[in-house]
Amino acid sequence: MNVLQRLWPRTLVGQILLAAALALGLAQTVNFVLLLRSIETQAIGQASAFAGGRLIFVASDDRRAQRMQRRADRPPQRRGGEGVRRRNSTLFSSTPPAVAGESQPDAALRIMDAARQNDVQFQAVRVTLADRADVPPPMRRRDGPQAGLRDRLRPGAAPARRSLVVSAQLGSGQWVSTASALPQRGAPVIGWLIGQTLILYLAILLPLAFIAHRVTRPLRTLTGRANAFSAESVHAPLAEKGPEDIRNLIAAINAMEGRVTALIGEKDVMLGAIGHDLKTPLAALRVRIESVDDDEERERMAASIDEMVGILDDILVLARLGRSGEALRRTDLTALTETVVAEFVDRGGAATLADASGLVIADIRPVLIRRALRNLIGNALKYGGVARVHVARDRGSVCVTIDDDGPGIDQAAIETMFEPFVRAEASRNRATGGSGLGLTIARAIARQHGGAVTLVNRPGGGLTARLSLPG
Amino acid sequence: MSGRPHLLLIDDETSIRDPLARYLERQGFRVTEAESAASGRSALGAYGIDLVLLDIMMPGEDGLSLTRHIRAHGEMPVILLTARSEETDRIVGLEMGADDYVVKPFSPRELVARIKTILRRAAQGVRVESGDSTDYRFAGWTLKTAEQELYAADGTLVPISSGEYRLIEALVQRPGQVLSRDQLLDLTQGREAGPFDRAIDNQISRLRKKIEVDPKNPVLIKTVWGGGYRLATEVRTG
């Protein structure tokens, strides 16, 4: 079963070819059986004609001898009575020789007809297809010239294994019998048939493979296209090539791609409009709160407004990440991390950057990576009190690790931390602020770079966030 | 410039323009309001304006186009107000010749601080080749002013904060010159130093980490005894 599953072709081309090969094989098998049967019939026909001819000759010879004896008025001379006429390998007997085998009535009728045409009357004819070993030795001794002849003509040919035994009852009631070997069946025919089958396979499967390949090539193109589809890179529509069904499919996918791109474009326009429209009243509010005399109250209002703006920015960044338009640039990752750490230090955060060993440079989108680092370091400070940051190069990738001294995260909940709007505190209260999108954005940014963000509880306590990027 | 500086505030949003104008007036500015680029243009012709506050996204002619117009006709400082924080907008704005930009919603206090810095710089005549995105090259480093970015000799971007940018910009504009902490604070943040102000020293040490081969023995940004810093290398522009 397993083997069958492994051998079963998975591709369309493979399945088409397998179906064609199976159908061809079946047809060739039927062909083969029919061919073998017709060869058999032909061989029996030939052998029985040969044996029949010999019997007819013996019978007419016998009749002539009797006539001459009658004219000479001599008592009929028994020539051997029951016995063999050596020259013709024929056997005279009062009863037909019992030979086990397959009776061939059609051949018997044909011999009767042939005898009648030669003025010989057989009262009965029996034709039996038997193993050559079962044929009585006197008949087998020379059961047909073709045996010896064939051996001489085709030295490699297999010796005959079957003989046709023909017995005919003469007018006198006596039976005369002879045998004729049948050529060994099969061997050359099978070789020929295999050759034919191979040629057929080549003639049919090769063009079929070509056509199937031509049909599936656009399918493969479509697959690659669908895999690579992203709203940020706009491709020209695929050329409609190939058979009509495929062309229709390509046209449909092109149209769908257009609709998807239009939808994403609409989403971006809408989000941009929302961002702009919300920021305008927020900006107005931000200006107006300056007239609040209570400093503490005013600072709180400003903080709330800043938080709203932060959430709005997070949502906009996440929604537009695919088309940020920022190019990859060779960037000093240590300097970038240093800049982010300094932002937190200036605001009183306990963030430190370990001295990097050597330059750590990577092709990144600095604005996005800065945002990812800001989110990760901000989380460490918020939930873990400190952020010990380390930048390193590690076998084909660069990574920034951020250790905190917080309580860590329940191992089972780590993956859900990356989901939007999930916060570490179970109550989901907003005491700690933020949009709940920080990790989601950091991971999305890392993945957009072909990297990853992971969270690991350290054995000694505390959480380690790790941003790794190809570099 | 004498008496109250005259600001021209161009923004199509009344809800921002009105309270901001009143706030700025309370801060000692004279403010003329305009609700579109067109009326802003006529106000520019009618009054002696010291500084323009300009919204980028406006119906009709936008702020960037008006910035280009203003820059083509003189040295008047421009601060752009933008609702979009995207990098490209900022770069385009600065390339058009804007002196600074603030992202909405902004803190009006911070806006005032920036206005004062720019006005002081304009008064001192230190506004450098307005509008052109001058690049400074020193000791293999390139400082691009439009992008506010620092590049190493092999083209690698070395990210710096905006404070570090203003500091290195002040230094490369005055190579060899000794700049005191007070001068640097004034040039970069438009404020005076407190008695224990370490902001400049912190930023210098961060900059050294990024550009010096050995930050402990700096050869580019030298400390001068008696309080100050000096860029000890040649600077080429262009």
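This briefing walks through strands, salt bridges, surface patches and a few unusual backbone spots in the structure above. Keep in mind that this is a predicted model. A search over all chains turns up 32 salt bridges in the whole structure. In chain A, we'll spend some time on strand β11 (residues 397-403), which is largely enclosed by the rest of the structure because 6 of its 7 residues are buried. In chain B, we'll look at an open sheet of 4 strands and at a cis peptide bond between Lys104(B) and Pro105(B).

**Strand β11 of chain A and its neighbours**

- Let's start with strand β10 (residues 386-394) of chain A, which pairs with β11(A) in the antiparallel sense over 7 bridges.
- Want a spot to find on screen? Look for Val391(A), whose bridge partner in β11(A) is Val400(A).
- β11(A) also pairs with strand β13 (residues 463-470) of chain A, again antiparallel and over 7 bridges.
- Here you can look for Ile402(A), which has Ala465(A) as its bridge partner in β13(A).

**The turn at Arg395(A)**

- β10(A) and β11(A) make a hairpin with 2 residues between the strands, and Arg395(A) takes a positive phi near 40° there.
- Why does that catch the eye? Most residues other than glycine have a negative phi.
- Is Arg395(A) buried or exposed? Its relative accessibility is 79%, so Arg395(A) counts as exposed.
- Arg395(A) also forms a salt bridge with Asp394(A), and the closest N and O atoms are 3.8 Å apart.
- Asp394(A) is partly exposed, with a relative accessible area of 28%.

**Salt bridges in chain A and beyond**

- As background, side chains of opposite charge can pair when their charged atoms come close.
- One such pair is Asp313(A) and Lys279(A), whose side chains meet in a salt bridge at 3.0 Å, N to O.
- This pair links distant parts of the chain: Asp313(A) sits in helix α8 (residues 295-320) of chain A and Lys279(A) in helix α7 (residues 244-288) of chain A, 34 residues apart.
- Both Asp313(A) and Lys279(A) are buried.
- Glu290(A) and Arg286(A) make another salt bridge with their side chains, at 3.0 Å, N to O.
- Are these two buried or exposed? Glu290(A) and Arg286(A) are both buried.

**Patches on the surface of chain A**

- Arg214(A), Arg217(A), Arg220(A) and Lys241(A) gather into a surface patch of positive charge.
- From this patch, Arg220(A) lies in helix α6 (residues 187-228) of chain A, and with 43% relative accessibility Arg220(A) counts as partly exposed.
- There's a nonpolar surface patch too, formed by Ile190(A), Ile194(A) and Leu198(A), with about 280 Å² of accessible area together.
- Leu198(A) has its place in helix α6 of chain A, and Leu198(A) is exposed, with a relative accessible area of 54%.

**Strands in chain B**

- The open sheet has its 4 strands in the order β8-β7-β6-β11 (chain B), with antiparallel pairing.
- Which strands stand at the edges? They are β8 (149-151) and β11 (236-237) of chain B, each with a single partner strand, so one side of each has no neighbour in the sheet.
- Strand β7 (residues 141-144) of chain B is joined to β8(B) by 3 bridges, and the two run antiparallel.
- Across that pair, Thr142(B) stands opposite Tyr151(B) in β8(B).
- For a parallel example, go to strand β4 (residues 78-82) of chain B, which pairs with β5(B) over 4 bridges in the parallel sense.
- Leu81(B) has Val102(B) in β5(B) as its bridge partner.
- Side chains alternate along strand β5 (residues 100-103) of chain B: Asp100(B) and Val102(B) point to one face and are buried, while Tyr101(B) and Val103(B) point to the other and are not.

**Other backbone spots**

- Most peptide bonds are trans.
- The bond joining Lys104(B) and Pro105(B) is cis, with omega about -10°.
- You'll find Pro105(B) in the loop between β5 and α5 (108-124) of chain B.
- Asp119(A) has a positive phi, near 60°, and is a residue other than glycine.
- Asp119(A) lies in the loop between α3 (105-117) and β4 (124-131) of chain A, and Asp119(A) is exposed, with a relative accessible area of 60%.

Note on methods: Residues are numbered from 1 along each chain as its sequence is written. Chains are lettered from A and ligands numbered from 1 in the order in which they are written. This is a predicted model: local features need pLDDT of at least 70, side-chain atom pairs count only at pLDDT 80 or more; totals for chains, interfaces and linings use all residues. Side-chain values use heavy atoms; hydrogens and water are left out. Patches are made of residues with over 30% relative accessible area and no salt bridge: like charges are joined within 9 Å, nonpolar side chains (Val, Leu, Ile, Met, Phe, Trp, Tyr) within 5 Å. Accessible areas come from the Shrake-Rupley method with a 1.4 Å probe; for residues, only the protein chains shown count as cover. A salt bridge is a side-chain nitrogen of Lys or Arg within 4 Å of a carboxyl oxygen of Asp or Glu. Lys and Arg count as positive and Asp and Glu as negative; His and the chain ends are not counted. The place of a charge is taken as NZ of Lys, CZ of Arg, CG of Asp or CD of Glu. Buried means under 20% relative accessible area, exposed over 50%, partly exposed in between (1.4 Å probe, protein chains only). Two strands pair if DSSP finds at least two bridges between them.
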